[in-house]
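Please keep the sequence and the three-dimensional view side by side while reading these comments. They are written as numbered points, so that each can be followed on the display.

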Amino acid sequence: MATAGNVIKCKAAVAWEPNKPLVMEEIEVAPPKANEVRIKIVATGVCHTDLYHLFESMHKDGFPAVLGHEGAGIVESVGPGVTEFKTGDKVIPLFISQCRECRFCKSPKTNQCEKGWAADRYDVMSVEDSRFTCKGKKVLQFMGTSTFSEYTVVNQMAVAKIDPAAPLDKVCLLGCGISTGYGAAVNTAKVEPDSTCAVFGLGAVGLAAVMGCKAAGAKRIIAVDINPEKAEKAKVFGATDFVNPKDHSKPISQVLSEMTDGGVDFSLECVGNVGVMRNALESCVKGWGVSVLVGWTDLYDVAARPIQLIAGRTWKGSLFGGFKSKDGVPQMVKGYLDKKVKLDEFITHNMTLAQVNDAIELMKQGKCIRTVLSVSPQ
């Protein structure tokens, strides 16, 4: 492309400070350095983790930043040493890297990686260096991706090449939420055929967890949410029951225990609330119940009675659904193209990048599952 090797000026939604609306700005995006890829972002989802950084954690060193981490785009140019990608490739930037060389990448037991922003700056959710500047100031790259920008630069170890037939305005959701929920059920919980499951929280991650439970062969999937409007949506993805904790005077764990003869085999917490995490654990059957923490938060301690674990329950966490990112995302894209993974059904709103604050407001009010923003024309 004619832009290769040059600084690109483009539009981006900049979070100048916490708890304030994003501002559409013209930013400068430097060319990729060694082992980096510059990507033209075509579409991006708005995920609760963006809101978490902006409104909940509000880490003072995490701003200014370009948010967004659930995107898809086309390679514009590559830096020295990049052999895996070329101009024109369809790709999904990844917030969790896969260097293929560290002890975690070489282990089949985890999808963690020692490289990338999460290695030592998970609290501010970015590395100190970035290719973004705006009004003479360095702007941080959120979670190593920053998809609320027409262009971004990502290390090649955090980019997945995908099928050129994939529609970018759909598969962008596989960069975070859908892969996270689906994989938490299939990879982390390892839901078994004919089992009983409970999914707490029916945002995109929770609905994807419901979809994963069904794909794994669960016979009963209980969807739990305080919003009654989520009941019908949950059925679309495979839920057999819906329970609203507000409809009951007793604890939700007791309600589920009575529904399932002592508790569910698997529970997944997809809210990011430590109280709900405990409820999900207590909803599991003693002896073999498995409860998975999926919702992202790092603000509070989580607590449980030791006897709940001594009795045989397993409590575990899941990051990005346990998928090794560069391997797993193309598999999920193939699953969508083969009609084994739903994506269209998650999208409740389509907007432009300039409408990002409206999209954030919809999510804050619980009025959307996923809003997809059109960032650049293909």
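1. A good place to begin is a contact between two helices, where His48, Leu51, Leu54 and Phe55 in H1 meet Ile360, Met363 and Lys364 in H11. The residues of this contact divide into five nonpolar, one polar and one charged. Please bear in mind throughout that the model is a predicted one.

2. How are the two helices placed with respect to each other? Helix H1, which covers residues 48-57, and helix H11, which covers residues 356-364, pack at an angle of about 95°, and their axes are 10 Å apart. Because angles from 65 to 115 degrees count as roughly perpendicular, H1 is described as roughly perpendicular to H11.

3. The next point concerns strand E5, residues 71-78, in which seven of the eight residues are buried, so that the strand is largely enclosed by the rest of the structure. Strand E3, residues 36-45, is joined to E5 by seven bridges, and these two strands run antiparallel; within this pairing, threonine 44 stands opposite glycine 71 in E5. E5 also pairs with E6, again in the antiparallel sense, over two bridges, and here isoleucine 74 stands opposite lysine 90 in E6. As general background, the strands of a sheet pair through backbone hydrogen bonds, either parallel or antiparallel.

4. Which strands pair with E18? Strand E18, residues 370-374, is mostly covered, since four of its five residues are buried. Three bridges join E3 to E18, and the two run antiparallel, whereas strand E17, residues 347-352, pairs with E18 in the parallel sense over five bridges. Leucine 373 in E18 is a useful residue to find on the display: it is the bridge partner of threonine 44, and it is also the bridge partner of methionine 351.

5. A separate set of strands deserves its own paragraph, for six strands form an open sheet in the order E13-E12-E11-E14-E15-E16, with parallel pairing. Strand E13 (241-243) and strand E16 (314-317) stand at the edges, each with a single partner strand, and so one side of each is left without a neighbour in the sheet. From one strand to the next, the twist averages 20°. At the E13 edge, strand E12, residues 220-224, pairs with E13 in the parallel sense over three bridges, and the bridge partner of isoleucine 222 is aspartate 241 in E13.

6. What lies across E14, E15 and E16? Helix H4, made of residues 177-189, lies across strand E14 (266-269), strand E15 (290-293) and E16, and runs at about 135° to E15.

7. The last point is about helix H10, residues 325-337, which has 13 residues and reaches 18 Å from its first C-alpha to its last, close to the 18 Å expected at 1.5 Å a residue. Its buried residues are Ser325, Lys326, Gly328, Val329, Met332, Val333, Gly335 and Tyr336. What covers them includes strand E6 (90-93), strand E10 (159-161), helix H3 (168-171) and H4, so a reader can return here to E6, which pairs with E5, and to H4, which lies across E14, E15 and E16. Just after H10, lysine 339 takes a positive phi of about 65°.

Notes:
Residues numbered from 1 in each chain as written. Predicted model: local features only at pLDDT ≥ 70, side-chain atom pairs only at ≥ 80, totals over all residues. Heavy atoms only, no water. Pairing = 2+ DSSP bridges. Axes fitted to C-alpha atoms, helices over the stretch in contact; angles between N-to-C directions. Contact = heavy atoms within 4.5 Å. Expected span 1.5 Å × (residues − 1). Buried < 20%, exposed > 50% of the residue type's maximum accessible area, 1.4 Å probe, protein only. Parallel < 35°, antiparallel > 145°, perpendicular 65-115°, else oblique. Nonpolar A, V, L, I, M, F, W, Y, C, P; charged D, E, K, R; others polar.
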